[in-house]
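Here are my notes on the model, set out as numbered points. Please read them with the coordinates open.

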Amino acid sequence: MEQTLDIPIFPLNTVLFPGGRLPLRIFEVRYVDMTKACIRDDGVFGVCQILDGKEVGAPAVSAPLGCTARIREWEVPTPGLFNLVCGGERVFRILEQRVQPDGLIRAEVILEEPREPRVLPPSHKMLGSMLGEILKKIGVQHFEQPARLEDAQWVGYRLAEILPLSRDQKLQLLQERDPWVVLEQIQQAVLDLPDS
């Protein structure tokens, strides 16, 4: 059953996927306050790709869908500054949003149902192998663990994060419900990449 939540929205120049790992440096007062509330309440916030505007300053115009993020690790190196590691959890769609006086965007969102795990099909084993090699080179510490190289959705989302895809391509992959379709689109994107 779909669930609605009222959550703060953090517009960023990135697309967060479920199971993704997102390091953040928080210093703007509105986001420092948001961070404190999320830590206190073990709450989530929404990460949405910026469509117009900037990460800092006036509230940006963000995509109408995003991914909830939960703070996994945090530290305060100096007062008013948070270093966070967040994990992506669930895809959501914005139903209604408003801007608070401090500039923080809050939205009523509907969470999509978690997708059923599907095994990586034989036709896309190459993508699982490719991701495994990439993880070795980049370092597994940059990804949520454990690695799930047989899980079609996990493989598709991790490649969507890593590959040099456009903002529109990543948003399209985030809203796609079928992990096998995500893999098809990723495989086509890999074939379309210029030879290095």
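1. Strands 5 and 6 make a hairpin, with 2 residues between them. Within that turn, Gly80 has a positive phi of about 85°. This is a predicted model, and the points below should be read as a description of it.

2. The pairing behind this hairpin is antiparallel: strand 5 and strand 6 (residues 81–99) are joined over 10 bridges. One position to check is Gly66, which stands opposite Phe92 in strand 6.

3. Strand 5 (residues 65–78) also pairs with strand 3 (residues 44–52). These two run antiparallel and are joined by 4 bridges. Gly46 has Thr68 of strand 5 as its bridge partner.

4. A hairpin also links strand 6 to strand 7, here with 5 residues between the strands. Gly103 lies in the turn and has a positive phi of about 95°. The two strands pair in the antiparallel sense over 7 bridges, and Val99 has Ile105 of strand 7 as a bridge partner.

5. Strand 7 pairs with strand 1 (residues 3–12) as well, again antiparallel and over 7 bridges. Pro8 is matched there with Arg106 of strand 7. Taken by their pairings, strand 3 is joined to strand 5, strand 5 to strand 6, strand 6 to strand 7, and strand 7 to strand 1.

6. Which side chains of strand 7 are buried? Along residues 105–111 the side chains alternate. Ile105, Ala107, Val109 and Leu111 point to one face and are buried. Arg106, Glu108 and Ile110 point to the other face and are not buried. Ile105, the bridge partner of Val99, thus belongs to the buried set, whereas Arg106, the bridge partner of Pro8, does not.

7. Helix 5 (residues 179–192) has 14 residues. From first C-alpha to last it reaches 20 Å, close to the 20 Å expected at 1.5 Å a residue. At the N-terminal end, Asp178 caps the helix, with a side-chain oxygen 2.8 Å from the backbone nitrogen of Trp180.

8. The buried residues of helix 5 are Pro179, Val182, Leu183, Ile186, Gln187, Ala189 and Val190. Seen down the helix axis, they fall within an arc of 160°, so they line one face of helix 5. Leu191 and Asp192, on the other side, are exposed.

9. What do the buried residues of helix 5 pack against? Their partners are helix 2 (125–138), helix 3 (152–162) and helix 4 (167–175).

Note on methods:
Residues numbered from 1 in each chain as written. Predicted model: local features only at pLDDT ≥ 70, side-chain atom pairs only at ≥ 80, totals over all residues. Heavy atoms only, no water. Pairing = 2+ DSSP bridges. Buried < 20%, exposed > 50% of the residue type's maximum accessible area, 1.4 Å probe, protein only. Expected span 1.5 Å × (residues − 1). Arc of directions from axis to C-beta. Contact = heavy atoms within 4.5 Å. Polar contact = N/O pair within 3.5 Å; in protein donor to acceptor, adjacent residues only side chain to side chain.
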